[in-house]
Amino acid sequence: MERNIVTGGCLCGSIRYEATARPYNITHCHCLDCRRSSGAPFVTWASFSRRSFRFTSGQQRELRWAGRLRSFCPDCGTPLTFLAGPDADEVDVTVCSFDQPTTVAPADHTWVEDQLPWIHLADDLPIYRQKRETHGS
Ligand SMILES: [Zn+2]
Ligand SMILES: [Zn+2]
C-alpha cells in the first residue's frame, strides 16, 4: 500500500485530498489570474503527477478560465488545484492548503512581470518573467 506523502484540504474541511508522490516545481506564482482567484498577492503552488493525486472527500467546484481549470471549495472558497488543460499530466496544488506546508521549499518566483510593486522579494530565489524556462508546460 502506498504511503500518503501529502494530505490537505480547504478551510472548512469539506474538501480533502491526498498525494502518494513527492511534489515538485514549488513556485510562487505572481500572475494576475492566480492573484485574482485567490485574493492574495501571489500563490505558492506545488506540482504532482496527476495519477499520484486525488480528492478523498467533498466535491470541489471547477472553474474554466483562460483555457485552464482551477478548482476550489464551493462552501468556503479555498483555491485548491490548477490544471493547464483538461488533459494535463500534472496538477498544481496550493501549498497553503497542505496540512504541512512547511515540508516543501519553494524554488523560484514565476510570472514576476505581473508582480505587485509593493511586494519586495528578499529570498534570493530565481525569478522568471513568465513561466520557468525548464518547466514543461
Ligand atoms: Zn471548504
Ligand atoms: Zn499563476
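**Exercise 1.** Which residues does leucine 80 touch, not counting residues up to four places away in sequence?

*Solution.* The structure is a predicted model, and contact here requires C-beta atoms, placed from the backbone, within 7 Å. Once residues up to four places away in sequence are set aside, leucine 80 touches Cys10, Ile15, Gln60, Ser71, Phe72, Cys73, Val93, Thr94 and Ser97. As a next step, turn to the largest nonpolar core, which has 22 residues and in which Leu80 is, with Cys29, Trp45, Phe48, Phe53 and Val93, among those that touch the most other members. Strands β2, β4 (43-49), β8 (79-83) and β9 (90-94) each supply at least two residues of this core, and the largest share, four residues, comes from β4.

**Exercise 2.** Describe how strands β1 and β2 are joined, and locate the turn glycine.

*Solution.* Begin with the pairing: β1 (residues 6-9) and β2 (residues 16-19) run antiparallel and are joined by four bridges, with glycine 8 standing opposite tyrosine 17 in β2. Then consider the connection, for the two strands form a hairpin with six residues between them, and in its turn glycine 13 has a positive phi of about 90°.

**Exercise 3.** Extend the hairpin to the open sheet, and explain which strands stand at its edges.

*Solution.* First, β2 also pairs with β5 in the antiparallel sense, over four bridges, and glutamate 18 has arginine 54 in β5 as its bridge partner. The three strands therefore form an open antiparallel sheet in the order β1-β2-β5, in which β1 and β5 (53-57) stand at the edges, because each has a single partner strand and one side of each is left without a neighbour in the sheet. Finally, neighbouring strands of this sheet are turned by 25° against each other on average, direction ignored.

Technical notes. Residues are numbered from 1 along each chain as its sequence is written. Chains are lettered from A and ligands numbered from 1 in the order in which they are written. This is a predicted model: local features need pLDDT of at least 70, side-chain atom pairs count only at pLDDT 80 or more; totals for chains, interfaces and linings use all residues. Two strands pair if DSSP finds at least two bridges between them. Axes are lines fitted to C-alpha atoms, for helices over the stretch in contact, and angles run from 0 to 180 degrees between N-to-C directions. A nonpolar core is a set of buried Ala, Val, Leu, Ile, Met, Phe, Trp, Tyr and Cys residues joined through C-beta atoms within 7 Å. A residue is buried if 20 or more other C-beta atoms lie within 10 Å of its own, exposed if 12 or fewer, and partly exposed in between; C-beta atoms are placed from the backbone. Two residues are in contact if their C-beta atoms, placed from the backbone, lie within 7 Å.
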